[in-house]
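User: Please take a close look at a single part of this model, a loop and the sheet to which its flanking strands belong. I should be grateful for one connected account that also covers the pocket and comparable backbone features elsewhere.

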Amino acid sequence: MHTTDGRTTPRRRRRGIAALAAGAVAATVLGTAAPAAAERGSYTDPADATASLNDLRRVTVAHNDGPLRLRVRVTDLRATSDGGPAGLSVWVDTDRSTRGPDLRLGTGLQSGTDYQLVRTTGWKPSSEVLTCPYSVRLRPAKDVVDLRISRPCLGGDTDEVRVAVLMDDRFDPSHPVRDWLGARRSFTPWLDRG
């Protein structure tokens, strides 16, 4: 700080240094602030469907301002149907005020299979196939399935979600193997949008 004649007084110098220091601290904090991260949840499932190569082992869910992302890990994901026809269903609940899930994303667990996102009434899927952006990527080398559901599919302003996951293996039709993440028709805890 300078006087009208160009000299700096000690008192003004201390105030100026304090103001510069406060500005530097604020710039450092703002400059290093991390971007908003997704609220994540990771849920393990025991080896309880060992009759299937696709026994669920872990589901990771990330909910942020972008798409809802899920990673489903199974015991032994194969590109071909060596283990028989198997599928994965993910139900998404976006509204606490209604009963049950609002969406179902279903996919096969072999390369080249189709996948589809539909609205649901409770646990019953409708015939309304959604055209908003969503994707499924099978990664056999890592034994994972990556799923993404865009915000428009979720309803845009959805602040919370929870999911339920089911693997269904029909290699032996007389003894189908069904593996829920947790108990039958159970959901993960609600995840706030990060």
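Analyst: D143 is found in the loop between β8 and β9. In this predicted model, D143 has a positive phi of about 60°, although the residue is not a glycine. The strands on either side of this loop, β8 and β9 (residues 144-149), run antiparallel and are joined by six bridges. Within this pairing, L138 has V145 of β9 as its bridge partner.

Both strands belong to an open sheet of five strands, whose order is β1-β2-β3-β9-β8 and whose pairing is antiparallel. The edges of the sheet are formed by β1 (39-44) and β8 (134-139); each has a single partner strand, so one side of each is left without a neighbour in the sheet. On average, and with direction ignored, neighbouring strands of the sheet are turned by 10° against each other. In a regular strand, side chains alternate between the two faces of the sheet.

The strand β9 also takes part in the largest pocket. This pocket has a volume of about 160 Å³, and its lining consists of R40, T60, V61, A62, R69, L70, R71, D146, L147 and R148. The elements that contribute two or more residues to the lining are β2 (56-63), β3 (68-74) and β9. Classified by residue type, the lining comprises five charged, four nonpolar and one polar residue.

A further antiparallel pair is formed by β6 (residues 115-121) and β7 (residues 124-129), which are joined by three bridges. Here V118 has V129 in β7 as its bridge partner. The hairpin of β6 and β7 has two residues between the strands, and G122 takes a positive phi near 65° in this hairpin. The positive phi of G122 thus concerns a glycine, whereas D143 shows a positive phi without being a glycine.

R185 presents another case of a positive phi in a residue other than glycine, with a value near 55°. R185 lies in the loop between β11 (177-180) and β12 (191-192). With a relative accessible area of 38%, R185 is partly exposed, a class that spans the range between the buried limit of 20% and the exposed limit of 50%.

To return to the part requested, the loop that holds D143 connects to the sheet through β8, which stands at an edge, and through β9, which is placed between β3 and β8 in the strand order.

Conventions: Residues are numbered from 1 along each chain as its sequence is written. This is a predicted model: local features need pLDDT of at least 70, side-chain atom pairs count only at pLDDT 80 or more; totals for chains, interfaces and linings use all residues. Side-chain values use heavy atoms; hydrogens and water are left out. Two strands pair if DSSP finds at least two bridges between them. Helices (H or I, at least four residues) and strands (E, at least two) are DSSP runs, numbered from the N terminus. Axes are lines fitted to C-alpha atoms, for helices over the stretch in contact, and angles run from 0 to 180 degrees between N-to-C directions. On a 1 Å grid over the protein atoms alone, a cavity is a set of points where a 1.4 Å probe fits but cannot get out, and a pocket is an open set with protein on both sides within 12 Å along at least five of seven lines; lining residues have an atom within 4 Å of a point. Grid points are joined across faces, edges and corners, and a volume is the space filled by probe spheres set on the points. Ala, Val, Leu, Ile, Met, Phe, Trp, Tyr, Cys and Pro count as nonpolar, Asp, Glu, Lys and Arg as charged, and the others, Gly among them, as polar. Buried means under 20% relative accessible area, exposed over 50%, partly exposed in between (1.4 Å probe, protein chains only).
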